[in-house]
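Dear colleague,

I am passing on the structure we spoke about, together with some notes on what turned up when I went through it. Please look at it first and read the notes afterwards.

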Amino acid sequence: MPWLRVAFLLPDSSPRRVQTRLPVTLAKFLAGRELSSQEFFALWRRSSFALGEASCTAQLAARLRGVPLAQVARCAALGGALRLHHDNVDAGPCSLAFASQIAAAGEGASPLEDACLVRVEVGSGRHAGSARVAVRSADHTAARALCDAVLGQLVEAGVPAGGGCEGR
């Protein structure tokens with residue numbers, strides 16, 4: 001995370017310097033993206049995206065257990081940084097599919113290479129109360145950061161992820 005340093009003078013002309021970390025997250029640089037189900041799965045299956053996958057399982061926050069899937073989707077969308085796909089992209093009844101693009105993409109980069117794809121599977125039956133988040137991107141660091149951000153919205157604050165995080 002970046003540091004912010006502010007140097008200033010007090011009324012008695014004594015110098016002061018304050019430094020703090022800025023709370024900059026990847027979600028600040030994402031814009032929701034609309035993809036057809038064919039485009040979504042073509043990217044999801046692309047080898048550069050599969051190699052950049054980050055996934056994690058954890059227990060859902062108590063406030064999200066037993067609520068409609070739409071409420072879980074609102075939490076996972078990171079304030080609009082991820083666009084939820086309603087056109088049955090994922091066939092599972094308790095699955096959500098999101099797509100986003102890094103807004104500050106470099107020139108000459110393909111818009112599809114800057115995409116981030118997210119799948120959230122909410123457990124049912126004996127897995128009720130748990131969720132699996134899988135993020136694929138051409139950049140593993142971006143996928144890991146986005147996976148952590150989505151997971152942070154779905155789990156209790158201060159409770160570590162239960163199923164262990166993994167990345168390829």
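Please keep in mind throughout that this is a predicted model. Let me begin with Val6, which is found in strand E1 and which counts as partly exposed because its relative accessibility is 37%. Val6 belongs to a nonpolar surface patch of about 520 Å², made together with Leu4, Phe8, Val18, Leu22, Val24 and Phe29. Strand E1, which covers residues 3-9, supplies the largest share of that patch, namely three residues.

As for the overall architecture, the protein has four helices and nine strands, and their order along the sequence is β-β-β-α-α-β-α-β-β-β-β-α-β. Of the 168 residues, 38% are buried, while the accessible surface comes to about 9,500 Å², with 54% of it belonging to carbon and sulfur atoms. Among contacts between residues at least 6 apart in sequence, 62% join residues that are at least 24 apart.

Turning to the interior, the largest nonpolar core has 31 residues, and those with the most contacts inside it are Phe98, Val120, Val133, Leu146, Val150 and Leu154. Two or more residues each are given to this core by strands E4 (54-59), E6 (95-102), E7 (115-122) and E8 (130-137), and likewise by helices H3 (69-76) and H4 (140-154). The most comes from H4, which gives six residues. If its neighbours within four places in sequence are left aside, Val133 is in contact with Ala54, Ser55, Cys56, Val118, Arg119, Val120, Cys147, Val150, Leu151 and Leu154. Apart from this core lies another, of eleven residues, among them Trp44, Phe49, Ala97 and Ala115.

Trp44 also leads to the aromatic residues, where the count comes to two aromatic pairs. In one of them, Phe40 and Phe41 meet edge-to-face, at 5.3 Å centre to centre and with 80 degrees between the planes; in the other, Phe40 and Trp44 are stacked, at 6.0 Å centre to centre and with 10 degrees between the planes. Phe40 and Trp44 both lie in helix H1 (residues 37-45), where they are four residues apart, about one turn of the helix. Phe40, Phe41 and Trp44 thus form one aromatic cluster. Phe40 counts as buried because its relative accessibility is 0%, and Trp44, with a relative accessible area of 8%, is buried as well, since the cut-off is under 20%. Phe41, like Phe40, is buried.

With best wishes

Notes:
Residues numbered from 1 in each chain as written. Predicted model: local features only at pLDDT ≥ 70, side-chain atom pairs only at ≥ 80, totals over all residues. Heavy atoms only, no water. Patch = residues over 30% accessible without salt bridge, like charges linked within 9 Å, V, L, I, M, F, W, Y side chains within 5 Å. Areas by Shrake-Rupley, 256 points an atom, 1.4 Å probe, with all protein chains shown as cover. Salt bridge = Lys/Arg side-chain N within 4 Å of Asp/Glu carboxyl O. Buried < 20%, exposed > 50% of the residue type's maximum accessible area, 1.4 Å probe, protein only. Contact = heavy atoms within 4.5 Å. Core = buried A, V, L, I, M, F, W, Y, C linked by side-chain atoms within 4.5 Å. Phe/Tyr/Trp six-rings, centres within 6.5 Å; stacked < 30°, edge-to-face > 60°.
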